[in-house]
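Colleague: I have some labels to query. Please take me through the reasoning behind each one.

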Amino acid sequence: MYLIGGSASTALAERISRELENAPFGLPFQKRFPDGEMYVRIGDSLAGADAVIVQSTRTDADLVELLLLKDAAREAGARRVFTVVPYFAYARQDRRFYPGEPVSARAVANVVELGSDAVVTVELHSPLTLGAFSKPIYEVSGIPALARLLAQRQVDLIVSPDKGGVARVERMAKLLDKPWIQLAKHRIDSDHVELSLGAADREKVRGARVAIVDDVISTGGTIVESAKLLARCGAASVAAACVHGLFLRDAFERIKAVTDGIYSTDTLVNPAEKASVAPDIAQILRQHAAGP
Ligand code: R5P
């Protein structure tokens, strides 16, 4: 395999290459044309190789770069192209909520799989998006990576900030052999949420070292309000853990002010990336490449 690191995922691509017994790793040359269009060039020949392109799609430009890299890999002679999208943007619009809207996750899935022999991604917002792919698609969970990290810290109780995250915290709780609870979240708008907790669960929080686990931290509103509620309920400490750390605007500082630790995986570059999904992605690539 030959690993190609897109500009949004260079460090993670290198980590994956190390996990794959130091598979060759390359960074494409990139520049912008005067009109703003992107240019990429893969320096090495990929003749007969399995090319693995690693590129999170945090921005729309990241997505365009991924499209160009896939095409460049074919042009460079790659036998197969495996596309790894650690953070798959647009995943939260996984259905049409109002008439006239797109199913954005499906639209993006269509272009991500184009020209790919297989796609690997990490912790999709919901499994609905998997159904949009016609090529082999592998979803790596980010929870084992976070569990490896939280296992080294003192955690008594795992908390999901909403109903949608229950499967995630159940998995974390099982890996750490700890109990879990779920908050009730009401989203007011993109930036504001309200959270509540029933009386029985409040008792579990009193004196406990809790870890809130979510798939994405975006504006930070969910984690900030969850942490404040848990502190009011008497938590001894509150940690915040997420798979994908976007940390928009001043989210990181706001969360830092109300928690005792912030932990994220390395699907996105951010100040909290302390757990790596590289071993989990490498394992999937190894299995798929060896398959029929
Ligand atoms: C929502 O369903 C997700 O699981 C996250 O809770 C949400 O995306 C976090 O967003 P924010 O940080 O803006 O509250």
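Modeller: Go ahead. Keep in mind that this is a predicted model. Let me start with one residue: Tyr39 has a relative accessibility of 26%.

Colleague: Why is Tyr39 called partly exposed?

Modeller: Buried means under 20% and exposed means over 50%. Tyr39 comes to 26%, so it falls in between.

Colleague: And what makes Phe33 partly exposed?

Modeller: Its relative accessible area is 33%. That also lies between the cut-offs of 20% and 50%, so the label is partly exposed.

Colleague: How many aromatic pairs are there?

Modeller: The count is four. One of them joins Phe33 and Tyr39.

Colleague: Why are Phe33 and Tyr39 called an edge-to-face pair?

Modeller: Two values decide it. The ring centres lie 5.7 Å apart, and a pair needs them within 6.5 Å, so the rings pair. The planes meet at 80 degrees, and over 60 counts as edge-to-face, so that is the label.

Colleague: Which residues make up the cluster?

Modeller: Phe29, Phe33 and Tyr39, linked by ring pairs.

Colleague: How do you know that Lys31 lies over the face of Tyr39?

Modeller: Lys31 is 5.3 Å from the ring centre. The distance limit is 6 Å, so that part is met. The rule also asks for a direction within 35 degrees of the ring normal. Lys31 is listed as lying over the face of Tyr39.

Colleague: Turn to empty space. How many cavities of 30 Å³ or more are there?

Modeller: One. The largest cavity holds about 70 Å³. Its lining includes Tyr87, Arg92, Glu123, His125 and His244. By class, that lining has seven nonpolar, two polar and two charged residues.

Colleague: Why does Arg92 count as charged in that lining?

Modeller: Arg92 is among the lining residues. Arg belongs to the charged class, so Arg92 counts there.

Colleague: And what makes Arg92 a polar contact of the ligand?

Modeller: A side-chain N or O atom of Arg92 is 2.9 Å from a ligand oxygen. The limit is 3.5 Å, so the pair qualifies. Asp215 passes too, with a polar side-chain atom 2.6 Å from a ligand oxygen. Gly220 uses a backbone N or O atom, at 2.9 Å.

Colleague: How many residues surround the ligand?

Modeller: 14, and the closest include Asp214, Asp215 and Ser218.

Note on methods. Residues are numbered from 1 along each chain as its sequence is written. Side-chain values use heavy atoms; hydrogens and water are left out. Rings of Phe, Tyr and Trp (its six-membered ring) pair if their centres lie within 6.5 Å; planes under 30 degrees apart count as stacked, over 60 as edge-to-face and the rest as tilted. Buried means under 20% relative accessible area, exposed over 50%, partly exposed in between (1.4 Å probe, protein chains only). On a 1 Å grid over the protein atoms alone, a cavity is a set of points where a 1.4 Å probe fits but cannot get out, and a pocket is an open set with protein on both sides within 12 Å along at least five of seven lines; lining residues have an atom within 4 Å of a point. Grid points are joined across faces, edges and corners, and a volume is the space filled by probe spheres set on the points. A residue is near a molecule or strand if one of its heavy atoms lies within 4 Å of it. A polar contact is a pair of N or O atoms within 3.5 Å; within protein, one must be able to donate a hydrogen and the other to accept it, and residues adjacent in sequence count only if both atoms are side-chain atoms.
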